[in-house]
Amino acid sequence: MSVSHSGIPTQDEINTVTPPPAILNRKPVVMVECFQHIPCDPCAASCPFGAILPFADINDLPKIDYERCTGCGLCIASCPGLAIFVIDMTFSQDSALLKLPYEMLPLPRPGEIVKALDREGHEVAEVKVEKILKTKHKTYVVSIIVPKELALVIRNIKVKENHNG
Ligand code: SF4
Ligand code: SF4
């Protein structure tokens, strides 16, 4: 497997953590983009459904039982690495609902149009915010409606400069 040295995962790395298409096409599901063996494991304890399997070693990478995952998104804000996303390809015929971690200010508002960024920070679309969830962590969970073909591409948002927050 090729290894990214820029902090941006390679396509090979992304492929290893992409839920199987049969699952993605059936229900909302988590995608955990965690690639570094570091001592970190709060994601496992955060899942009430046991879909993030207990770590044998704290340096392990997360292992997911996609059948157990409900797509609830409770794990997203537990991750200090902002590495956890939930993808719902069943949202509508053309659109997916993407839940992502967000810590920047100003926060967008529900209904607001924001810029959608890929993993490298490039703007790839303008998308609508569906919902903002405050959590017990410093991380918010932002749900955005994205074109299905960009659900595995968009990983961040940027609030537009004319935001009146
Ligand atoms: S989305 Fe919900 S069910 Fe799925 S891994 Fe995260 S906490 Fe568990
Ligand atoms: S909490 Fe985040 S960074 Fe830590 S192991 Fe889980 S996914 Fe990786």
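This report walks through a ligand site, a central strand and one lysine in a predicted model.

## Reading the model

Residues are numbered from 1 along each chain as its sequence is written, and chains are lettered from A and ligands numbered from 1 in the order in which they are written. Local features need pLDDT of at least 70, side-chain atom pairs count only at pLDDT 80 or more, totals for chains, interfaces and linings use all residues, and side-chain values use heavy atoms, with hydrogens and water left out.

## Around ligand 2

Ligand 2 is surrounded by Val32, Cys34, Cys40, Pro42, Cys43, Phe55, Pro62, Cys79 and Pro80 (a heavy atom within 4 Å counts as near). By class, this shell has 9 nonpolar, no polar and no charged residues; Ala, Val, Leu, Ile, Met, Phe, Trp, Tyr, Cys and Pro count as nonpolar, Asp, Glu, Lys and Arg as charged, and the others, Gly among them, as polar.

## Strand 3 and its partners

Strand 3 covers residues 95-102, and 8 of its 8 residues are buried (under 20% relative accessible area, with exposed over 50% and partly exposed in between, using a 1.4 Å probe and protein chains only). Strands here are DSSP runs of E, at least two residues, numbered from the N terminus.

Strand 3 pairs in the antiparallel sense with strand 2 over 3 bridges and with strand 6 over 8 bridges (pairing takes at least two DSSP bridges). Isoleucine 87 stands opposite leucine 98, while leucine 97 has isoleucine 145 as its bridge partner.

## Lysine 131

Lysine 131 lies in strand 5 and is partly exposed, at 47% relative accessible area. Its C-alpha atom is separated by 31 Å from that of phenylalanine 55.

Terms used. Helix = DSSP H or I, 4+ residues; strand = E, 2+ residues; numbered from the N terminus.
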